[in-house]
Amino acid sequence: MQMNRVEVAGYLVRKPEVRYLPSGMPVANARLGQTYRFQDNSQQWHERTNWHSLSFYGDLSKLAATFEKGENVFVEGTIEQREFVPKDGAKRIVNEIVVRHCHVIAQRGAVSASNGTAQQREQLPDLEGAIAHDADWPVQ
């Protein structure tokens with residue numbers, strides 16, 4: 001049995017950038033950070049951060065464009081590997097998560113810096129219906 005599925009939740013490092021492929025399909029790219037703490041054998045606390053590259057294709061790229069830096073998001077997708085040659089001519093290989101489903105995780109008790117009152121971000125719609133057809137995905 002083989003399966004390529006990943007689910008991660010974390011904070012966006014910066015606002016997703018939207019660009020267009022030569023075919024005209026929009027794609028948004030983002031970076032997600034997951035920081036966690038752990039104790040070693042000597043009871044010392046350590047903190048580590050995992051970084052993930054995200055790609056949102058089709059209709060999801062339009063939704064990703066509404067996300068802001070620092071938002072806590074949950075994504076589900078597949079891990080894909082792609083090659084490219086930048087201007088320096090050195091071939092590069094990157095692993096990225098091609099997002100199939102995502103949503104912003106509600107921030108409970110978020111306090112506004114301006115007036116100290118609790119505010120809740122407008123809830124985004126469930127993305128299940130916004131997913132592009134499989135034919136729109138660059139990788140199958």
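Reading strands, salt bridges and a pocket

Analyst: In this predicted model, strands S3 and S4 run antiparallel and are joined by 13 bridges.

User: Which residue in S4 is the bridge partner of Arg31?

Analyst: The partner of Arg31 is Ser53. Between the two strands of this hairpin there are five residues, and Gln43 takes a positive phi near 65° there.

User: How do S4 and S6 run, parallel or antiparallel?

Analyst: S4 and S6 run parallel, with two bridges joining them. On that side, Ser55 stands opposite Val98 in S6.

User: Now the charged side chains. What is the general idea of a salt bridge?

Analyst: Side chains of opposite charge can pair when their charged atoms come close. In this structure there are eight salt bridges. One of them is formed by the side chains of Arg5 and Glu76, at 3.3 Å from N to O. Arg5 lies in the segment before strand S1 (6–12) and Glu76 in strand S5, so the pair links parts of the chain that are 71 residues apart.

User: Is Glu76 buried or exposed, and why?

Analyst: Glu76 counts as buried because its relative accessibility is 12%, and the cut-off for buried is under 20%.

User: Which other pairs can I look at?

Analyst: Glu17 and Arg14 meet through their side chains at 3.6 Å, N to O. Arg14 counts as partly exposed because its relative accessibility is 43%. Another salt bridge joins the side chains of Glu83 and Lys91, at 3.5 Å from N to O. Glu83 is exposed, with a relative accessible area of 52%, and Lys91 also counts as exposed, at 55%.

User: Which residues are joined into one network by salt bridges that share partners?

Analyst: That network consists of Arg5, Glu7 and Glu76.

User: Last, the pocket. How does one find empty space in a model?

Analyst: Rolling a probe the size of a water molecule over the atoms shows where empty space is left. Here the largest pocket holds about 210 Å³ of space.

User: How many residues line the largest pocket, and which lie nearest its centre?

Analyst: The lining has 14 residues, and those nearest the centre are Arg14, Asn29, Ala30, Ser53 and Leu54. Strands S2 (17–20), S3 (26–39), S4 (45–57), S5 (72–84) and S6 (92–104) each give two or more residues to this lining.

User: How many of the lining residues are nonpolar, polar and charged?

Analyst: Five are nonpolar, three are polar and six are charged. Two residues named earlier return here: Arg14, which pairs with Glu17, and Ser53, the bridge partner of Arg31, are among those nearest the pocket centre.

Conventions
Residues are numbered from 1 along each chain as its sequence is written. This is a predicted model: local features need pLDDT of at least 70, side-chain atom pairs count only at pLDDT 80 or more; totals for chains, interfaces and linings use all residues. Side-chain values use heavy atoms; hydrogens and water are left out. On a 1 Å grid over the protein atoms alone, a cavity is a set of points where a 1.4 Å probe fits but cannot get out, and a pocket is an open set with protein on both sides within 12 Å along at least five of seven lines; lining residues have an atom within 4 Å of a point. Grid points are joined across faces, edges and corners, and a volume is the space filled by probe spheres set on the points. Helices (H or I, at least four residues) and strands (E, at least two) are DSSP runs, numbered from the N terminus. Ala, Val, Leu, Ile, Met, Phe, Trp, Tyr, Cys and Pro count as nonpolar, Asp, Glu, Lys and Arg as charged, and the others, Gly among them, as polar. A salt bridge is a side-chain nitrogen of Lys or Arg within 4 Å of a carboxyl oxygen of Asp or Glu. Buried means under 20% relative accessible area, exposed over 50%, partly exposed in between (1.4 Å probe, protein chains only). Two strands pair if DSSP finds at least two bridges between them.
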